[in-house]
Amino acid sequence: MTKTPKIELQDAMMDNFMPYSAYLILHRALPMIDGLKPSQRRVLYTMYKKGITPNKPYVKSHSIGGDVMKIHPHGSTYETLVRMSEGHEAFSVPLIDSKGNFGKLYSRDGREAADRYTEARLSKIAMELFKGIELDAVPMKETYDGQGLEPEVLPVPFPVILTNGISGMAVGMATDIPPFNYHEVINYTIQRAQGEEPVVTDYIKAPDFPTENSIVYNKQEMENILKSGRGSITIRANYEFEENSIIFHGVPYTTRYEAVMEQIAKAVEEGKLKEVTDIHDLYGMNSTGIQVVARKNTDLSLLVEKLFKLTKLQDTFSLNMNIVLDNKPQVLGVDGIVDAWLDFRKTTIKNMTEHQLKNTQLSLERLRGMEKILSHLDQVIELIRYTKGSQVVNELVNKFKLTSEQAEYISNLQLRQLAQDSIENRLKEIQGLLKRIESLNVLLSDEETLMKYIISELQNLNKTYSYPRRTGFIQKEEVERASSKLVETVVEDVDYNLKAFVTKDLYFKKIPLTSMRGNFTNRLKEDDEFVYEEELTNLGEIIAFTNKHNIYKKRFSDIEDTRPSELGEYLPSVFDLEKG
């Protein structure tokens with residue numbers, strides 16, 4: 001029987017867990033400078049290679065998922081496709097044009113349909129992410145099984161990492177980058193490309209979520225958060241008052257409708273929202289919202305502040321802008337990410353330019369070869385016709401002083417292409433090729449020309465794909481004033497003088513002293529009588545001892561005030577006692 005070898009825990013961690021952690025951080029959970037995780041990139045690239053493009057028919061999501069699995073062996077990628085889709089509304093700039101029920105980001109229970117029922121294709125803006133990929137813009141790597149190639153990153157022509165945002169959880173680290181407004185990001189990037197160092201919030205005011213929200217805003221605080229890449233911002237649902245109701249238009253990006261509805265219902269049940277009489281879910285096919293119906297004469301401005309305090313109608317988004325750069329995770333501010341993207345974009349354009357320059361020089365070389373043989377066409381045709389195939393190239397090189405490339409190209413031409421008028425027409429292209437080579441060399445060697453190219457590209461994209469800002473602002477000072485008013489009102493409501501009464505038939509009355517001025521009748525049921533009365537404050541409590549050896553306690557502030565003309569609250573109902 002062989003002995004199991006002993007392995008030190010430290011060695012096992014180094015040999016197994018550490019490589020796994022590094023792989024998860026660098027190749028699964030965190031985005032690279034193109035703003036995509038590997039799963040997202042592989043979904044998009046598979047659709048691009050399969051021709052599932054905007055001008056083609058939609059394809060079943062199930063079929064797309066099967067193809068993606070050939071290069072992404074980590075389980076279903078349907079959720080990845082769903083999140084990038086227009087129908088799901090999670091991305092400010094959707095990369096998937098979707099058809100069917102893709103669920104909604106803001107609904108917990110309204111999940112997407114199974115992948116066999118939905119269809120998808122790339123959106124128009126997604127096609128922009130691939131421009132130049134056939135021109136060696138980005139490095140390619142082998143797929144996990146060595147059967148094909150996939151791009152390490154996509155040659156994105158704008159900072160996708162900021163326009164769509166991304167979240168991910170790795171081992172010991174995470175990333176949470178919110179989406180920013182496309183137009184604002186492009187304008188700020190252009191300023192950085194021009195060598196300016198503007199204040200970030202002069203251009204990118206704050207995150208811009210795809211759902212209808214408002215950010216509690218202080219410019220200096222936001223500037224510090226965006227510069228550092230870390231911090232927390234407060235988001236509120238937008239609302240309006242309608243008679244005795246509050247209509248909330250949507251919920252914060254960080255939560256879901258159902259969760260908010262449950263929180264409101266629970267707060268009502270616990271007596272924390274006594275002003276609320278009903279809640280209606282306005283989430284439907286063409287509308288999103290929650291209607292909170294209040295009692296008559298309720299101060300709705302105070303009620304809305306209570307709702308923000310007690311539910312996720314007000315929530316926080318914690319920024320942690322962690323990306324993989326130079327093969328290691330780094331937390332960067334907006335300016336750092338934009339600068340890193342500009343460096344990346346310069347590299348991709350240079351790669352494309354070098355590819356185009358090489359092809360243009362090759363075309364020129366071939367035409368120069370045709371120029372050399374123009375006055376010897378009969379000899380060339382005869383040589384090609386009567387010389388053995390393997391010797392044609394060498395004969396053309398020796399007799400007409402051609403390069404091997406020129407000779408190879410000419411030997412493969414059809415006879416009709418060796419006609420004098422055909423060649424003369426082709427030779428007219430030489431001047432255009434020379435100008436193109438000159439402009440390509442300038443683009444490669446001159447930094448200013450390169451930056452002008454990037455800026456022009458960004459300006460064109462801005463014109464085509466910009467959209468109005470969706471997330472509004474509430475100044476922090478306004479929120480603080482409203483909150484302090486709420487606190488003052490709550491304190492006033494809670495702490496006041498009253499007189500408490502308990503009757504023989506177990507009715508409880510708490511009457512504010514302000515209601516006991518002048519002549520009044522303190523009403524009782526027939527044959528009932530007061531067995532306890534005392535002057536107290538609303539901060540007091542009533543304690544009940546039952547014949548089942550249980551004790552119940554209730555704060556006065558959780559029980560409605562009683563007018564002298566009313567009978568009061570029946571204590572078994574107040575404490576929800578069982579019969580007997």
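This short talk goes through the sheets, the nonpolar cores and the aromatic contacts of one structure. Please keep in mind throughout that what we are looking at is a predicted model.

Let me begin with the sheets. Three strands make up an open sheet in the order 1-3-2, and their pairing is antiparallel. At its edges stand strand 1, residues 59–60, and strand 2, residues 96–99, each of which pairs on one side only. Strand 1 is joined to strand 3, residues 119–122, by two bridges, and these two strands run antiparallel; within that pairing, valine 59 stands opposite alanine 120 of strand 3. Packed on this sheet is helix 2, residues 38–49, which touches strand 2 and strand 3, and whose direction makes about 85° with that of strand 3.

Further along the chain there is an open sheet of four strands, ordered 19-17-18-22 and again with antiparallel pairing. Strand 19, residues 530–537, and strand 22, residues 569–570, are the edge strands here, and because each has a single partner strand, one side of each is left without a neighbour in the sheet. Strand 17, residues 497–503, and strand 18, residues 507–512, run antiparallel and are joined by five bridges, and it is lysine 509 in strand 18 that serves as the bridge partner of phenylalanine 501.

I turn now to the cores. Which residues have the most contacts inside the largest nonpolar core? They are Leu44 and Val334, in a core that has 82 residues. Helix 12, residues 334–373, gives the most to this core, contributing nine residues. If we leave aside its neighbours within four places in sequence, valine 334 is in contact with Leu162, Phe180, Tyr188, Val200, Ile204, Leu226 and Met321. There is also a second, separate core of 26 residues, and among its members are Leu364, Leu367, Leu377 and Ile430.

Helix 12 also holds threonine 360, which, with a relative accessibility of 6%, counts as buried because the limit for that term is under 20%. Again setting aside neighbours within four places in sequence, threonine 360 is in contact with Leu433, Arg436, Ile437 and Leu440.

That brings me to the aromatic side chains, where the count comes to 17 aromatic pairs. In one of them, the rings of phenylalanine 158 and tyrosine 182 have their centres 5.1 Å apart and their planes at 70°, so this pair is edge-to-face, the term used for angles over 60 degrees. Phenylalanine 158 lies in the loop between strand 5, residues 149–151, and helix 6, residues 160–163, while tyrosine 182 lies in helix 7, residues 182–193, so the pair ties together parts that are 24 residues apart in sequence. Are these two residues buried or exposed? Both phenylalanine 158 and tyrosine 182 are buried.

The rings of tyrosine 239 and phenylalanine 241, by contrast, have centres 5.5 Å apart and planes at 45°, so that pair is tilted. Tyrosine 239 is partly exposed, with a relative accessible area of 33%, and phenylalanine 241, at 39% relative accessibility, is likewise counted as partly exposed. These two residues belong, with Phe248 and Phe308, to one aromatic cluster.

Finally, two arginines should be mentioned. The charged end of arginine 121 sits over the ring of tyrosine 58, at 4.0 Å from its centre, and that of arginine 470 sits over the ring of tyrosine 467, at 4.3 Å from its centre.

Conventions. Residues numbered from 1 in each chain as written. Predicted model: local features only at pLDDT ≥ 70, side-chain atom pairs only at ≥ 80, totals over all residues. Heavy atoms only, no water. Phe/Tyr/Trp six-rings, centres within 6.5 Å; stacked < 30°, edge-to-face > 60°. Buried < 20%, exposed > 50% of the residue type's maximum accessible area, 1.4 Å probe, protein only. Lys NZ or Arg CZ within 6 Å of the ring centre and 35° of its normal. Pairing = 2+ DSSP bridges. Contact = heavy atoms within 4.5 Å. Axes fitted to C-alpha atoms, helices over the stretch in contact; angles between N-to-C directions. Core = buried A, V, L, I, M, F, W, Y, C linked by side-chain atoms within 4.5 Å.
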